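This report describes the strands, core, ligand shell and selected loop residues of one structure. The model is shown first.

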Amino acid sequence: MLEVLNLSLSVSIQGNRVDAVSGVSLALEAGRVLGLVGESGCGKSLTAQAILRLGEFQGVAKSSGDILIDGESLFTMSDERLRRTRGGRIAMIFQEPMTALNPVFSIGSQIIEVIRLHLDMDKQQARQRAIDLLLDVGMQDAEQILKQYPDSLSGGMRQRVLIAMAMAADPDYIIADEPTTALDVSVQKRIIALLLNLQKKRGLGLLLVTHDFGLVAEMCDDVAVMYAGQIVESGPVKEIFDHPAHPYTRALMGCRPEVSETGGALAVIAGQVPPPGQWPCGCHFAPRCSGADELCSATVAADVWRDHSHIARCVHVGSK
Ligand SMILES: Nc1ncnc2c1ncn2[C@@H]1O[C@H](COP(=O)(O)OP(=O)(O)OP(=O)(O)O)[C@@H](O)[C@H]1O
């Protein structure tokens with residue numbers, strides 16, 4: 001089990017440290033897909049990167065909380081163990097493959113390096129494993145691909161290579177941050193199908209970061225809806241789709257093309273996500289919420305359990 005417990009993260013804005021993620025809790029079980037969904041700027045990537053402690057390289061710091069993998073804190077493990085955990089037990093697939101792949105090394109040398117970093121294999125064994133991984137992600141001419149360089153591949157192929165690299169050390173958990181955003185719609189569908197197939201085959205826990213509620217419906221077992229640094233609603237996907245409780249969740253769901261009342265054009269939620277340091281008092285969503293009243297801006301809502309696993313954070317949501 002991968003658990004994010006009451007995590008708050010601060011960033012530096014104009015010399016001041018302000019929280020950009022506040023009290024976030026998530027639980028990802030092996031074999032399940034958890035969607036972390038919200039508009040751009042809600043803090044999804046910061047949360048996802050914190051799971052590998054990657055944000056620290058960009059000045060992101062933990063203010064409070066913890067992240068546990070099978071009960072062990074990522075923040076207290078030794079550097080060596082953290083290095084082994086990254087890529088070995090938890091792997092990440094980034095949205096822009098070109099930034100994750102090194103343009104000056106061949107695909108083969110990059111995959112083989114990851115394999116040898118984490119698994120006890122000689123060069124020949126690692127090369128064979130790289131070929132098997134590329135075949136697994138649907139690249140039939142795997143031997144040829146090993147010799148190629150990232151910029152000679154299409155965006156979809158590069159993303160397949162990244163998925164193969166993520167699988168290289170047989171991790172238990174994969175964090176995929178907007179894995180298909182940079183791709184054409186038809187390629188997106190194939191990559192998503194591939195990812196789901198591998199997730200099921202290997203019994204992986206997958207955290208899918210996305211702004212697309214349609215993708216959540218297609219892929220996820222559970223969903224956590226994030227707004228301005230906080231989780232405002234979470235629970236099993238089916239339950240949340242049937243009974244969305246938080247106004248922000250309902251607004252995001254209304255932005256799916258298939259339910260849009262604007263004749264196929266995407267609906268948008270009026271206004272913008274407030275940046276860190278400019279969160280309003282009370283409910284962060286209140287200034288954009290058509291149902292908000294004085295209570296909303298005066299009160300910090302507690303999590304309300306609507307069902308044993310369905311939580312919503314809105315003062316106007318009652319328990320079921
Ligand atoms: N290293 C940083 N220093 C300062 N501010 C940051 C840093 N990283 C992120 N932020 C800010 O924190 C907020 C949340 O960013 P984050 O990238 O997590 O959002 P997101 O929901 O993933 O959005 P997107 O889908 O656009 O990536 C944004 O306002 C962003 O500008």
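## The β6 edge and helix α7

In this predicted model, strand β6 runs parallel to strand β7 (residues 173–177), and four bridges join the two. Within this pairing, alanine 91 has isoleucine 174 of β7 as its bridge partner. Helix α7 lies across both β6 and β7, and runs at about 175° to β6.

The loop between α7 and β7 contains aspartate 170. The phi of aspartate 170 is near 60°, a positive value in a residue other than glycine. Most residues other than glycine have a negative phi. Aspartate 170 counts as partly exposed because it has 14 C-beta neighbours inside 10 Å, a count between the limits for exposed (12 or fewer) and buried (20 or more).

## The eight-stranded sheet

β6 and β7 belong to an open sheet of eight strands, with the order β6-β7-β8-β3-β9-β10-β12-β11 and mixed pairing. Its edge strands, each paired on one side only, are β6 (90–93) and β11 (304–305).

How many residues of strand β9 are buried? Six of the six residues of β9 (residues 222–227) are buried, so the strand is largely enclosed by the rest of the structure. Asp222, Ala224 and Met226 point one way from β9, while Val223, Val225 and Tyr227 point the other way. In a regular strand the side chains alternate between the two faces of the sheet.

β3 and β9 run parallel and are joined by four bridges; glycine 35 has valine 223 in β9 as its bridge partner. β9 and strand β10 (residues 230–236) run antiparallel, with six bridges between them. In that pairing, aspartate 222 is matched with proline 236 of β10. The hairpin of β9 and β10 has two residues between the strands, and alanine 228 in this hairpin takes a positive phi near 40°.

## The four-stranded sheet

A further open sheet has four strands in the order β2-β1-β4-β5, with antiparallel pairing. β2 and β5 (72–73) are its edge strands, each pairing on one side only. Two bridges join β5 to strand β4 (residues 61–69), and these strands run antiparallel. Serine 73 in β5 stands opposite leucine 68.

Asparagine 6 is placed in strand β1. Although asparagine 6 is not a glycine, it has a positive phi of about 45°. Is asparagine 6 buried or exposed? Asparagine 6 counts as exposed because it has 11 C-beta neighbours inside 10 Å, and the limit for exposed is 12 or fewer.

## The nonpolar core

The largest nonpolar core comprises 87 residues, and those with the most contacts inside it are Ile111, Ala164, Leu207 and Val225. Helix α7 (residues 155–167) supplies the largest share of this core, eight residues. Val225 is also one of the buried residues of β9.

Leaving out residues up to four places away in sequence, leucine 207 touches Leu28, Leu34, Leu36, Ala48, Ile175 and Ala176.

## The ligand shell

The ligand is surrounded by 18 residues, of which the closest are Val11, Ser40, Lys44, Ser45 and Leu46. The elements giving two or more residues to this shell are β1 (2–13) and α1 (44–50). By type, the shell divides into eight nonpolar residues, nine polar and one charged.

## Two loop residues

Arginine 32 lies in the loop between β2 (16–28) and β3 (33–37). Arginine 32 is partly exposed because 18 other C-beta atoms lie within 10 Å. Apart from neighbours within four places in sequence, arginine 32 is in contact with Gly205, Asp221 and Asp222. Of these contacts, Asp222 is a buried residue of β9. Arginine 32 is 131 residues from isoleucine 163 in sequence, and their C-alpha atoms are 17 Å apart in space.

Serine 290 is in the loop between α11 (247–253) and α12 (294–298). Serine 290 counts as exposed because it has 7 C-beta neighbours inside 10 Å. Serine 290 and alanine 270 are 20 residues apart along the chain, with 10.0 Å between their C-alpha atoms.

Technical notes: Residues are numbered from 1 along each chain as its sequence is written. This is a predicted model: local features need pLDDT of at least 70, side-chain atom pairs count only at pLDDT 80 or more; totals for chains, interfaces and linings use all residues. A nonpolar core is a set of buried Ala, Val, Leu, Ile, Met, Phe, Trp, Tyr and Cys residues joined through C-beta atoms within 7 Å. Two residues are in contact if their C-beta atoms, placed from the backbone, lie within 7 Å. A residue is near a molecule or strand if its C-beta atom, placed from the backbone, lies within 6 Å of it. Ala, Val, Leu, Ile, Met, Phe, Trp, Tyr, Cys and Pro count as nonpolar, Asp, Glu, Lys and Arg as charged, and the others, Gly among them, as polar. Two strands pair if DSSP finds at least two bridges between them. Axes are lines fitted to C-alpha atoms, for helices over the stretch in contact, and angles run from 0 to 180 degrees between N-to-C directions.
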